[in-house]
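Hi there,

I'm passing a structure on to you, and you'll find it just below. After it come some notes on what turned up when I looked through it.

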Amino acid sequence: MRDVLVSEHVIEAGYNLCGIGACLSLIKRNIAGKILIMLKNLEYRGYDSAGIAVITPENTLDLRKGVGKIDDLKNKLHFDQMVGFVGIGHTRWATHGGVTEENAHPHTDCDGRIVVVHNGIIENYLEIRKELETRGHKFRSDTDTEIVPHLIEEFIKRGNDFYEAFKNAVKKLKGAYALAVVSTYEPNKILFARVFSPLVIGLGTDEYYIASDIPAFLEWTNKVIILEDGDIGYVSQGGVLIENVFLNRRVHRDVTTIPWTKEMAKKGGFPHFMLKEIFEQPQSVSRTILMARKQIDRFLDYLEKAEEVYIVAAGTSYYASLHGQYAFAKYGLRSRAVVASEFIEEVGGFIGNKDLVIGVSQSGETADTLLALRYAKKKGAKVVAITNVIGSAITRISDYSIIMGAGPEIGVAATKTFTAQVAVLNYALIKWAEMHGYDMDDVKRVFLNNIGEKISNVLEKANSLAKKLSEWMVPKSNAYYLGRGLGLPIALEGALKMKEIAYIHAEGYPAGESKHGPIALIEKDFPVISIVLNDHLQEKMLIAIEEMKSRGAYIISVCEEGMKKIQEKSDFIFEIPSGFSNILAPLVYIIPLQLLAYYTAVKRGCDPDKPRNLAKSVTVE
Ligand code: F6R
């Protein structure tokens, strides 16, 4: 198996949008309905077509697929009438070939005996396809995926059994992929392979599930095997067999019990996952703090021993990291937050074996962050991960990982994972500062005892205000989000949310810097959202607000109650209870900004759960 082809740029595999859901019953129970549910549970990833294939009790293939939404396809193709004890399903987001029924997955070999679903991109599919065509294979689609069933068929014709043929086929693939395969040759097996595209196995009662993501089967089991890159194998009556093509041997993978419930992966009565996840923050932050208690000591050890500390991340996770940098600085702990894709150029030359690099990534699969961390490791630095996903790629390359307790985040835009990341960084800081003689009692009292209640209060007050203000925001094309000090990462994250889901050009800026250029754009009713903490920077924020207001800007302030001068100058106010103008600020100040982005997006007719051009885990460089 040694000669599996993996390109240098496997990360170019594309966004992990497609969804795989496969199921094998060990007691001859019909699994078609379960595959349908798995596909519904994966809908959040975005898709343009879908399909299901089962091996019937008569050992024939029943394959139904088409373009459109699963519910419509269900009515048209009657997925619910399919019968089989083993099968695979797929939601496709077109990459190779247009959005057509032929290109939808699953795909079969010439004889319709082998059927495959795939996530990722096979880079060398064209040359393989040409070779197979010269051997007489007939292709029905334009996809890269279709070469896989034909390759397996080819090796079976040469005398391989089903699994051997699959292994030989996988050896020829170059790129990144997750695959699930069933066949009438051996109808009681699902074969799988993972090379740089996520794939997990769920261990149910008399059933196995294989899926792109845990929420697919969470309603039946939380016992999971997280496959690693290069893993290939099958599930059958005999259990789970896993080999690794890079190690060229059989491997053991632990069964992990995921502390998530099925309710966590459902909308729970909210119109969108994003709104549900915003409203979950009282619990997700409290749970993260509880979980961090057990994990923080080793992190402190690494912090203590480090000569230099870097915090590396992308997008929202970068803004949580920037908060970390500002918060750490307040207590004399020197660190530097670096955008992952700039890491090597910006600080790569300084990294050494006495340094600590903290990687922050909710998905744990972000290519930019992984590359930066791999580089840091190569230079001898210690690497600690903060992530929401047990067993994700970041945990495998780090010396130590802290798992947050945010629960599954389905909405593409990060909300509760942002506050969970801030909570972990704050917790580490509180403990570190105490070790270094700082009195952290006031901050600790709120953080450890009633942060959940405080977030709930802010949610309750801000919800109707955000809804109201969103009406005014709907026709706007631009907005500034200004902050200083600990308020700056909040402003940057607030602007990112508005940009991502409402498609309004929103720029986060250091308030003091706004007079050095951005102010040129201000005209009547230009939205300026100012994040004002009740600290020594308040007067300076007031100056920035006055500069903007005198040029016609409409001032929306997120500030503490009782901040009279700021409130007098503002046109719209989100009040935050006092006691938060310190390292805890993002946990509450971000709430009105998340809600404002959400309601504005919905009123502009955008789907906040699936913003265009974005994906939950960005596995491209
Ligand atoms: C923002 C968002 C992205 C991610 C970024 C990093 O709402 O979702 O900006 O924050 O792609 O992702 P992770 O945290 O998975 O590394």
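**Around Lys416**

Leaving aside neighbours within four places in sequence, Lys416 is in contact with Glu277, Glu280, Gln281, Ser284, Ala406, Gly407, Pro408 and Glu409. Please keep in mind that this is a predicted model.

Where does Lys416 sit? It is found in helix 12, which covers residues 416-435. Lys416 counts as buried because its relative accessible area is 1%, and the cut-off for buried is under 20%. One of its contacts, Glu280, also meets it through a polar contact: the two side chains are joined at 2.5 Å. For a sense of scale, His105 is 311 residues from Lys416 in sequence, and their C-alpha atoms are 33 Å apart in space.

**Around strand 23**

The other place to visit is strand 23, residues 527-532, where 6 of 6 residues are buried. Pro527, Ile529 and Ile531 point one way from the strand, while Val528, Ser530 and Val532 point the other way.

Which strands pair with strand 23? Strand 21 (residues 478-483) does so in the parallel sense over 4 bridges, with Gly483 standing opposite Ile531. Strand 24 (residues 554-560) also pairs with strand 23 in the parallel sense, over 6 bridges. There, Cys559 of strand 24 is the bridge partner of Val532.

Strand 23 and strand 24 also belong to a right-handed β-α-β unit, together with helix 15 (residues 538-549).

Happy browsing!

Notes
Residues are numbered from 1 along each chain as its sequence is written. This is a predicted model: local features need pLDDT of at least 70, side-chain atom pairs count only at pLDDT 80 or more; totals for chains, interfaces and linings use all residues. Side-chain values use heavy atoms; hydrogens and water are left out. Helices (H or I, at least four residues) and strands (E, at least two) are DSSP runs, numbered from the N terminus. Buried means under 20% relative accessible area, exposed over 50%, partly exposed in between (1.4 Å probe, protein chains only). Contact means heavy atoms within 4.5 Å. A polar contact is a pair of N or O atoms within 3.5 Å; within protein, one must be able to donate a hydrogen and the other to accept it, and residues adjacent in sequence count only if both atoms are side-chain atoms. Two strands pair if DSSP finds at least two bridges between them. A crossover is right-handed if, with the strands pointing away from the viewer, the path from the first strand over the helix to the second runs clockwise.
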